[in-house]
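Work through the exercises below with the sequence and the model side by side. Each task is followed by a stepwise solution.

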Amino acid sequence: MPLLYHPAMSDARLEQFKKMAAQFPDAPMAHFSLGKALLEARRYAEAAEALETAVRLDPQYAAALVSLGDAYSGAGQTSRAREVLTRARDTALAQSHASLAEEIDERLSGLE
């Protein structure tokens, strides 16, 4: 599923999310939002950095774990992607999110 990217709008969003992460450094959602915007822009290394912060702040943040796996995958770090996505799947199941676990299984099966 290709991500659509509009440079001008996305650059403004990125700046907004960067400010939010700086203003609220202890808020996992701020770093997750920044990471997702960077992921949409295909800036995988930067996305991974923001998403790692979100996961460090909230280790049970399943959506952040999934996005971190996507960032690693996009950056060509397949083994790290597999490791994080497996952790995301376990987290999703522990939180009774079976549909998210199925989505993660699809991502895992698509890794090379």
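Helices here are DSSP runs of type H or I with at least four residues, numbered from the N terminus. The model is predicted.

**Exercise 1. Describe the fold and its overall dimensions.**

Step 1. Count the elements. The chain has six helices and zero strands. Read from the N terminus, the order is α-α-α-α-α-α.

Step 2. Check the compactness. The radius of gyration is 14 Å, close to the 13 Å that the globule rule gives for 112 residues, so the chain is as compact as a globular protein of that length.

Step 3. Take the box. Along the principal axes, the C-alpha atoms fill roughly 35 × 30 × 20 Å.

Step 4. Look at burial and contacts. Of the 112 residues, 38% count as buried. Among contacts with a separation of 6 or more, 45% come from residues 24 or more positions apart.

Step 5. Turn to the surface. The accessible area is about 6,500 Å², and carbon and sulfur atoms hold 54% of that area.

**Exercise 2. Place Arg42 and Ser96 in the chain and classify their exposure.**

Step 1. Recall the background. Most residues other than glycine have a negative phi.

Step 2. Read the backbone angles. Arg42 has a phi near 60 degrees, a positive value in a residue other than glycine. Ser96 also is not a glycine, and its phi is positive at about 60 degrees.

Step 3. Locate both residues. Arg42 sits in the loop between helix H2 (28-40) and helix H3 (44-57). Ser96 sits in the loop between helix H5 (78-94) and helix H6 (98-110).

Step 4. Apply the cut-offs. Exposed means over 50% relative accessible area, and buried means under 20%. Arg42 has 40% relative accessibility, so Arg42 counts as partly exposed. Ser96 reaches 66%, so Ser96 is exposed.

**Exercise 3. How many salt bridges does the structure hold, and which parts of the chain do Glu15–Lys18 and Glu52–Arg80 join?**

Step 1. Start with the total. The structure holds seven salt bridges. Side chains of opposite charge can pair when their charged atoms come close.

Step 2. Take the pair within one helix. Glu15 bridges to Lys18, with the closest N and O atoms 3.7 Å apart. Both lie in helix H1 (residues 7-23), three residues apart, or about one turn of the helix. Glu15 is partly exposed at 41%. Lys18 is partly exposed at 33%.

Step 3. Take the pair between helices. Glu52 forms a salt bridge with Arg80, and the closest N and O atoms are 3.7 Å apart. This pair links distant parts of the chain: Glu52 is in helix H3 and Arg80 in helix H5, 28 residues apart. Relative accessibility is 31% for Glu52, which counts as partly exposed. Arg80, at 41%, is also partly exposed.

**Exercise 4. Trace the salt-bridge network around Asp70.**

Step 1. Find the partner. The side chains of Arg107 and Asp70 meet in a salt bridge at 2.7 Å, N to O.

Step 2. Place the two ends. Arg107 is in helix H6 and Asp70 in helix H4 (residues 62-74); they are 37 residues apart and link distant parts of the chain.

Step 3. Classify them. Arg107 has a relative accessible area of 26% and is partly exposed. Asp70 has 21%, so Asp70 is partly exposed too.

Step 4. Extend the network. Salt bridges with shared partners join Asp70, Glu103 and Arg107 into one network.

Step 5. Close with the charges. The chain has 12 positive and 16 negative charges, and their mean positions are 3 Å apart.

Definitions and conventions:
Residues are numbered from 1 along each chain as its sequence is written. This is a predicted model: local features need pLDDT of at least 70, side-chain atom pairs count only at pLDDT 80 or more; totals for chains, interfaces and linings use all residues. Side-chain values use heavy atoms; hydrogens and water are left out. Helices (H or I, at least four residues) and strands (E, at least two) are DSSP runs, numbered from the N terminus. Buried means under 20% relative accessible area, exposed over 50%, partly exposed in between (1.4 Å probe, protein chains only). A salt bridge is a side-chain nitrogen of Lys or Arg within 4 Å of a carboxyl oxygen of Asp or Glu. The radius of gyration is taken over C-alpha atoms; the globule rule is 2.2 Å times the number of residues to the power 0.38. Contact means heavy atoms within 4.5 Å. Accessible areas come from the Shrake-Rupley method with a 1.4 Å probe; for residues, only the protein chains shown count as cover. Lys and Arg count as positive and Asp and Glu as negative; His and the chain ends are not counted. The place of a charge is taken as NZ of Lys, CZ of Arg, CG of Asp or CD of Glu.
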